[in-house]
Amino acid sequence: MNICESDKLGHALSCYGILKANVLQKADIVILNTCSVRDQAEQKAFSFLGRAEEFKREKPNIKIVVVGCMAERIEHKIKHRFKSVNLIIGAKDIDNAAFKIADLCDISNYSIAERESDKAFDIIKYITVMRGCDNYCSYCVVPFVRGQETSFKSSDIIEDCRLAVNNGAKEIMLLGQNVNSYKYDDIKFTDLVKNIAKIDGLERIRFMTNHPKDLSNELIDMMAREPKVCSHIHLPMQSASNNILLAMNRKYTYQQYLMLIKKLRVAVPDISVTTDIIVGFPGETEEDFEQTLKAVKEIRFGGLYVFRYSSRPNTRAASMDDDVPLEDKKKRHSIILKESNKISIEIVASMVGTTQQVLAEKIEGDVIETRTRSGRKVFVKCASKKDLGKQLNVSIKEAKINSLFGEII
Ligand code: SAH
Ligand code: SF4
């Protein structure tokens with residue numbers, strides 16, 4: 001979501017002639033787009049702001065701008081702690097950010113340069129279909145910083161997708177905190193995807209994130225039938241202990257989650273399921289953790305993100321006792337990570353000798369970076385620059401740790 005929003009802001013700024021600097025030292029404006037989901041992300045932002053202030057001491061005319069969730073949540077604290085920050089724009093106001101930044105920089109002093117968007121040719125385009133979230137998972141700050149769930153008008157989304165494809169996009173990644181609950185008038189998420197799939201020239205569609213409580217049979221069926229929809233789903237499990245899932249307010253049990261995985265694998269046999277896991281949620285016992293570890297071994301996710309729980313202000317879990325010691329959180333985090341890496345290595349090794357349909361996303365030197373329908377990266381020797389943006393059939397020759405290497409057939 002942040003990559004998408006930074007990208008959008010970059011494009012909007014380019015219309016004012018404000019272009020991206022390759023290195024910090026060349027920048028006249030430093031814009032920090034922040035995330036509040038975990039405490040660690042906020043700490044990183046603080047340390048970056050410290051560096052930006054140092055830089056401003058050397059180059060006093062630069063402007064420092066903070067945007068996003070943290071700017072929404074702790075505007076006053078940022079102002080108080082970092083006196084040289086010039087402008088703070090909250091997540092809910094991100095659509096006006098380019099205008100405000102241009103205004104701050106007295107845009108008449110800038111010459112209108114070539115629009116960056118005219119030069120950019122994105123093979124993968126991220127498109128936001130909704131903002132905010134109403135689910136109030138007990139650990140999560142998103143509903144507080146991003147507000148109520150609002151689905152965007154479907155005809156606008158389809159138009160954005162069409163425009164992206166006309167500008168060279170081959171893959172669309174639809175984004176939202178819970179795309180499964182997208183609804184605009186009578187249009188549900190499956191209808192939206194089916195309509196986007198009709199766009200000529202579009203090769204692939206992905207979407208994230210999916211909440212297990214709202215993943216319908218209709219969506220699973222659509223994934224099976226619609227050839228442009230990739231065989232990958234990100235389905236955050238968070239925990240496999242029903243006690244913890246209840247305390248997290250996730251509104252499903254582990255058994256229900258497992259049932260979804262089974263249905264997905266029957267409908268889309270080559271599907272890769274990836275997930276998010278939180279370890280060390282308040283009250284998580286060794287036994288709760290063992291259940292999550294067992295689930296990771298049983299389900300064999302295609303990949304996962306594991307996070308150490310951190311208490312977030314205003315959330316329901318913030319009033320619970322954060323009683324799992326940091327050492328245990330770290331230990332559980334590394335056990336899950338180790339298990340997941342082991343499984344990933346086995347999965348990529350089993351792909352050697354297979355043929356995969358990949359999309360050529362990037363060319364670096366004489367290597368093309370491509371991705372399978374299930375979302376794995378495959379590096380391929382580049383025959384022609386014309387391959388960029390094309391779907392290619394590749395024979396997988398080698399697997400190294402997590403990466404695959406192939407040859408175009
Ligand atoms: N809407 C998405 C999640 C967005 S936040 C969803 O429901 O799947 C991304 C991930 O950050 C979550 O899935 C969760 O695993 C993690 N996360 C959120 N709040 C957290 C917290 N307080 N501590 C640790 N991890 C957290
Ligand atoms: Fe946060 Fe839950 Fe909403 Fe995801 S669904 S953004 S975890 S409240």
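Trainee: By class, what makes up the shell around ligand 1?
Mentor: Bear in mind it's a predicted model: local features need pLDDT of at least 70, side-chain atom pairs count only at pLDDT 80 or more, and totals for chains, interfaces and linings use all residues; side-chain values use heavy atoms, leaving out hydrogens and water. Residues are numbered from 1 along each chain as its sequence is written, with chains lettered from A and ligands numbered from 1 in the order written. Ala, Val, Leu, Ile, Met, Phe, Trp, Tyr, Cys and Pro count as nonpolar, Asp, Glu, Lys and Arg as charged, and the others, Gly among them, as polar. On that split, the shell has 6 nonpolar, 4 polar and 5 charged residues.

Trainee: How much of ligand 1 does the protein bury?
Mentor: Start with R38, which puts a polar side-chain atom 2.7 Å from a ligand oxygen; Q238 does so at 2.7 Å too. Taken alone, ligand 1 exposes 550 Å² (Shrake-Rupley, 1.4 Å probe). The protein buries 91%.

Trainee: Is the F189 and F207 pair stacked or edge-to-face?
Mentor: The whole structure has 8 aromatic pairs (Phe, Tyr or Trp six-membered ring centres within 6.5 Å; planes under 30 degrees apart are stacked, over 60 edge-to-face, the rest tilted). For F189 and F207, the centres are 5.1 Å apart and the planes at 80°, so the pair is edge-to-face.

Trainee: Which ring does R38 lie over?
Mentor: A charge sits over a ring if Lys NZ or Arg CZ is within 6 Å of its centre and within 35 degrees of its normal. R38 is 3.6 Å from the centre of the ring of F307.

How values were computed: A polar contact is a pair of N or O atoms within 3.5 Å; within protein, one must be able to donate a hydrogen and the other to accept it, and residues adjacent in sequence count only if both atoms are side-chain atoms.
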